[in-house]
Amino acid sequence: MAKKVVAMVKLQLQAGQATPSPPVGPALGQHGVNIMEFCKAFNERTKGQEGTIIPALITIFSDRTFTFITKTPPATFLIKRSAKLAKGANNPKKEVAGSITKSQIKEIAQLKMQDLNAKDMEGAIKIIEGSTRSMGIEVVEG
Amino acid sequence: MKPSEKPYKIRVDVRAEKGSEELLPEGIYDILPGQGIWIEEKGDDVIIKAYPSDVEEFVDYLRKSNISVKDVNVEKEVSLDYAELTKKYFRPIRIEDVTILAPWHKKRKSEKCIVIEPGMAFGTGRHESTKLMLKLMRHIDMEDKSVLDIGCGSGILSLYANVLGAKTIIAVDNDMDAVLSVKKNLTLNDTSRIETACTDLHHIKGTYDIILANLDIQTFTRRAGYIKKLLKSGGFIVISGVLVKNKKDVLPLFHPLSLIRTEKKNSWCGFVFK
């Protein structure tokens with residue numbers, strides 16, 4: 001196929017819940033793609049992961065067709081999952097909502113290395129640790 | 001209606017370091033009625049675009065997070081009916097003797113129509129290479145012939161072969177999304193005469209009177225030999241997806257077949273070999 005990429009769009013959406021309203025509508029509408037078709041395909045592909053945010057990278061071609069890939073949930077969701085929490089602390093400065101081990105932090109950093117603004121692994125770990133603390137989750141040895 | 005009176009949504013654009021979209025607190029999504037964000041890359045930064053129900057709460061979430069925010073801009077964005085917008089982009093188009101419609105268009109009995117749901121498979125009829133394929137196909141007598149459509153995308157070429165009276169049509173693609181899209185388009189066109197398969201080119205068996213291949217130079221370079229083997233003696237190969245500047249590289253690949261027709265549209269070209 002004579003596919004020529006005209007745009008790439010990145011969205012982070014609730015699994016199984018995409019609708020043509022913003023942000024999907026304006027993000028894809030400006031490139032003239034069939035917005036409903038994207039929503040249907042995204043919801044189909046993320047079925048069963050409801051309650052999680054899923055990043056989608058959409059490639060748009062010159063005849064206004066598109067493809068997309070979905071990625072692992074954002075780092076904050078992976079942290080929350082590792083700490084086995086329903087959500088982070090309401091007031092992270094005063095309250096500890098749970099804990100996560102250093103090796104779990106490293107795992108998340110490895111998985112998200114290319115999506116973070118980190119020069120190396122050490123930098124990625126620091127970013128994940130910082131986010132973990134800002135969620136009121138303690139980092140423990142292990 | 002003045003622009004200021006149009007319904008609008010509040011959009012917050014947050015400029016932050018690349019990767020910040022990974023670090024947004026999960027609770028932030030609860031105050032986004034669209035349940036998501038849109039991320040645009042700007043050099044080493046990203047612009048996170050969100051439509052929060054409560055701007056102050058949104059900014060408060062950002063403040064508590066581990067993101068170093070460089071700039072926050074609040075914009076009024078005019079609300080549009082995005083489903084209607086899609087319809088505006090995909091109006092009926094006439095190519096050769098056939099009209100390409102979307103499922104929401106009314107079929108006209110007086111003209112030949114092909115219905116294509118514009119989506120994830122290439123072939124909405126809006127690309128030069130598709131138009132060239134249809135133009136080249138129109139000059140071939142397909143009545144009672146067997147047709148193989150390689151890299152079928154949306155199935156638009158197979159559906160046109162159907163219009164032209166081909167006896168058997170097989171549409172193949174190595175992309176499952178494309179094959180699912182063809183199946184849907186077959187239903188939209190009330191035809192079950194086209195067989196579909198999700199397979200790589202080198203797994204295709206048999207020989208065919210007419211082979212349709214709107215591919216690209218890389219695939220032709222690697223696979224032209226195999227495509228030729230699938231052709232019945234005296235049959236036709238119709239190809240496109242070739243840029244005019246690559247014509248000289250593509251033509252020898254189909255030797256010893258003779259080039260019987262060439263068409264060009266903007267920077268794209270297409271050929272028929274016999």
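This is a short talk on the overall build of chains A and B in a predicted model.

I'll start with chain B. In chain B there are 7 helices and 14 strands. How spread out is chain B? Its radius of gyration is 25 Å, and the globule rule gives 19 Å for 274 residues, so chain B is more spread out than a compact globule. If you turn the C-alpha trace of chain B onto its principal axes, it spans about 70 × 45 × 30 Å.

Next, burial and contacts in chain B. Of its 274 residues, 51% are buried. Take the contacts in chain B with a separation of 6 or more: 64% of them join residues 24 or more positions apart. The accessible surface of chain B is about 13,000 Å², and 48% of that belongs to carbon and sulfur atoms.

Then the charges. Chain B carries 43 positive and 39 negative charges, and the mean positions of the two sets lie 10 Å apart.

Now chain A. What does chain A contain in helices and strands? It has 5 helices and 5 strands, and along the sequence they come in the order β-α-α-β-β-α-β-α-α-β. The C-alpha trace of chain A spans about 55 × 30 × 25 Å along its principal axes.

In chain A, buried residues are 51% of the 142. Among its contacts with a separation of 6 or more, 60% are between residues 24 or more positions apart. Chain A exposes about 6,400 Å², with 50% supplied by carbon and sulfur atoms.

Last, the charges of chain A: 20 are positive and 12 negative, with mean positions 4 Å apart.

That's it from me.

Conventions. Residues numbered from 1 in each chain as written. Chains lettered and ligands numbered in written order. Predicted model: local features only at pLDDT ≥ 70, side-chain atom pairs only at ≥ 80, totals over all residues. Heavy atoms only, no water. Helix = DSSP H or I, 4+ residues; strand = E, 2+ residues; numbered from the N terminus. Rg over C-alpha atoms; globule rule 2.2 N^0.38 Å. Buried < 20%, exposed > 50% of the residue type's maximum accessible area, 1.4 Å probe, protein only. Contact = heavy atoms within 4.5 Å. Areas by Shrake-Rupley, 256 points an atom, 1.4 Å probe, with all protein chains shown as cover. Lys, Arg positive; Asp, Glu negative; His and termini not counted. Charge placed at Lys NZ, Arg CZ, Asp CG, Glu CD.
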